[in-house]
Amino acid sequence: MIKYVSLLLIASLLLSINSHANTLINTVVDESNRPNVIVILADDMQIGVTGYEGNPIIKTPNIDKLAENGTVFSKAFATSAVCTPSRTTLLTGLYERRHGINFNSNSSMTEAAYNKTYPMLLKKVGYFVGYVGKNHTPIGKNEAGIKGYKSGVMDKSFDYWYASHKHLSFYPKDHERHAIFKNAKADTQVEIIEEGVENFMTPNEAFKVGHNFLDSRPKNEPFALLINFNVPHANSTGSMELRDSDLALYKSVYRDRLNDVTLPETYTAAKDIKTPKLPKSVYNGKYLETYDYVKEEDSLKERIIREMQTISGIDKLMGKLVKHLEKQGVADNTIIVFTSDHGLMHGEFGLGGKVHLYDPSVRIPMVIYDPRIEKTQKVNKNDNLVALVDLAPTILDLTNTAIPEDYQGFSLQPLMNTASANKAQWRQEIFLENMMTIQNYPRMEGVRTQKWKYIRYFDKKKDQDYAAMSVASINGEQPIYEELFDLENDPNEINNVIDAPENSNVVNKLRVKGKELVKEYRGDKPLNTYKN
């Protein structure tokens with residue numbers, strides 16, 4: 001009997017070892033065939049400006065095809081509707097409250113934090129990583145003690161870097177700080193980025209003249225490519241000049257449809273504002289002159305035409321990129337993500353710019369295409385509450401790369417497959433915030449569910465050091481104004497129903513949830529940043 005039991009134990013052990021060995025073999029196979037990843041990021045792109053979303057004017061056949069074959073996340077959000085914090089959230093998988101990078105934070109990301117961003121983690125496991133276009137996240141400190149954009153830390157960390165820092169404008173070569181693009185054949189931003197992408201896909205020796213930092217991509221390594229645009233941002237669309245050298249796309253396309261351009265249902269021209277959306281004691285209503293085009297119908301329509309032109313430029317690039325992938329035989333193993341850093345106000349309630357936590361500002365397009373998912377198993381549209389904070393963990397998950405424990409977003413992979421989508425436990429509310437106190441904006445914190453949105457505003461007279469503001473509400477600072485919107489019955493966020501007696505329970509629950517989320521996402525550790 002003892003001998004029989006011993007034989008069973010040995011057999012079980014051998015089976016376990018064999019199973020473990022198979023697991024290891026499968027892991028090695030998976031890692032040797034890791035998918036390529038391309039993330040295409042627009043700048044200030046509202047939802048509803050693509051063909052797949054039903055826009056009756058714009059032509060975006062390549063984005064539409066991506067949406068048709070991928071998963072459309074119809075309720076995707078930027079949790080901070082400002083360029084720098086939002087783009088940093090995409091890289092880090094952290095809410096702004098934790099990563100601590102904004103225009104007014106006067107800080108840069110430390111190398112320790114940067115090494116946990118998804119591109120650097122992919123590089124660590126063998127990916128060839130490339131970056132083309134605009135960067136708006138200050139990173140690192142060099143040996144000379146120079147921090148942020150001028151440190152060179154980010155530039156040197158990518159295997160392929162054809163990018164510049166901060167706004168590019170529509171004609172990047174007009175600006176000395178964007179000297180990296182001086183040898184490009186094109187003058188316009190999208191086409192300069194297009195040249196950089198094409199050289200990444202198929203290295204061109206002529207293109208590399210004067211760019212000895214551009215390494216040729218090894219054919220035997222998976223790659224991750226970040227394509228970051230500065231369009232349709234106002235810095236770019238506002239600097240369009242309809243030069244003779246511009247493509248016809250940027251001079252004439254859509255102009256015959258100018259009279260067909262529709263403005264938001266809640267659009268209010270500056271001259272017609274009777275009662276501001278927010279009390280003057282909360283927000284004085286002043287925004288950058290860059291966004292003055294929303295003040296009049298004609299200038300807004302003109303800007304919308306330009307925005308559509310540049311979005312079609314992005315679409316054109318995407319089409320060429322897919323052809324490169326197909327030609328090189330890697331299309332079936334290349335994940336493509338398309339999204340924007342945040343939305344934009346188009347004169348809703350007379351407001352311009354972004355920053356606000358209203359849906360036009362915080363909602364974004366988001367499509368993820370993974371060709372490895374069979375069509376019969378693919379979820380084509382998902383309406384869960386997702387955000388840019390989820391993209392870093394998603395990319396790591398899809399590439400079989402370990403996700404850092406301190407990431408605050410969640411992998412979207414379960415929501416993309418029919419086998420797991422219905423079983424997936426997902427967040428029931430999304431946290432929104434504004435910590436940018438320059439340009440007249442007040443601090444804001446919000447909680448959005450499928451039905452409700454709660455926003456609270458803080459007194460600008462109590463603004464202080466950024467790090468201190470990040471914990472102010474946790475330490476007891478009270479809001480001076482609150483809003484509640486019933487999104488099911490009021491999707492345009494017209495009526496503030498915070499004082500309706502029948503909503504008191506909802507208000508109290510969302511207040512509590514907001515406080516919980518702020519505390520959770522801030523954490524109790526110091527911000528992992530350098531003070532500039």
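This is a short tour of the side-chain packing, ring pairs and salt bridges in a predicted model.

**Stop 1: the core**

Start by selecting I40, Y118 and I227. The largest nonpolar core has 145 residues, and these three touch the most other members. Now colour helix α10, residues 297–327: this helix gives the core its largest share, 10 residues.

Zoom in on I40 and show what surrounds it. Leaving out residues up to four places away in sequence, I40 touches I227 and F229, then I314, M318 and L321, and also I336, V337, F338 and T339. As background, nonpolar side chains tend to be buried together in soluble globular proteins.

**Stop 2: the rings**

Next, show the aromatic side chains. How many aromatic pairs are there? The count comes to 18. Pick F410 and W426 to look at one up close. Their ring centres are 5.9 Å apart and the planes meet at 70 degrees; over 60 counts as edge-to-face, so that is what this pair is. The two rings link distant parts of the chain, 16 residues apart. F410 is in the loop between α12 (391–398) and α13 (413–416), while W426 is in the loop between α14 (418–421) and β15 (430–434).

Is each of these two buried or partly exposed? Turn on the surface to see. F410 has 41% relative accessibility and counts as partly exposed, whereas W426, at 13%, is buried.

Then select F128, Y160, F200 and F223 together: ring pairs link these four into a cluster.

**Stop 3: charges over rings**

Stay with the rings, but add some charged side chains. Select R243 and Y171. The charged end of R243 sits over the Y171 ring, 3.6 Å from the ring's centre. For another example, go to K451 and W452: here the charged end of K451 sits over the ring of W452, at 4.8 Å from its centre.

**Stop 4: salt bridges**

Now show Asp, Glu, Lys and Arg side chains. The structure holds 33 salt bridges, and a few make good places to stop.

Begin with D341 and R87, a salt bridge whose closest N and O atoms are 3.0 Å apart. D341 is in the loop between β8 (334–340) and β9 (345–346), and R87 is in helix α3 (residues 83–92), so the bridge ties together parts that are 254 residues apart in sequence. Are these two charged residues buried or exposed? D341 counts as buried at 0% relative accessibility, and R87 counts as buried at 4%. Widen the selection to take in D43 and K134, and you have a network of salt bridges linking D43, R87, K134 and D341.

Go back to helix α10 from the first stop and find K316. The K316 side chain meets that of E194 in a salt bridge, 2.9 Å from N to O. K316 lies in helix α10 and E194 in helix α8 (residues 189–201), so this pair ties together parts 122 residues apart in sequence. K316 counts as partly exposed at 23% relative accessibility, while E194 is buried at 8%.

Finish with R257 and D260. Their salt bridge has its closest N and O atoms 2.6 Å apart. R257 counts as partly exposed, with 28% relative accessibility, and D260 is partly exposed too, with 39%.

Methods: Residues numbered from 1 in each chain as written. Predicted model: local features only at pLDDT ≥ 70, side-chain atom pairs only at ≥ 80, totals over all residues. Heavy atoms only, no water. Core = buried A, V, L, I, M, F, W, Y, C linked by side-chain atoms within 4.5 Å. Buried < 20%, exposed > 50% of the residue type's maximum accessible area, 1.4 Å probe, protein only. Helix = DSSP H or I, 4+ residues; strand = E, 2+ residues; numbered from the N terminus. Contact = heavy atoms within 4.5 Å. Phe/Tyr/Trp six-rings, centres within 6.5 Å; stacked < 30°, edge-to-face > 60°. Lys NZ or Arg CZ within 6 Å of the ring centre and 35° of its normal. Salt bridge = Lys/Arg side-chain N within 4 Å of Asp/Glu carboxyl O.
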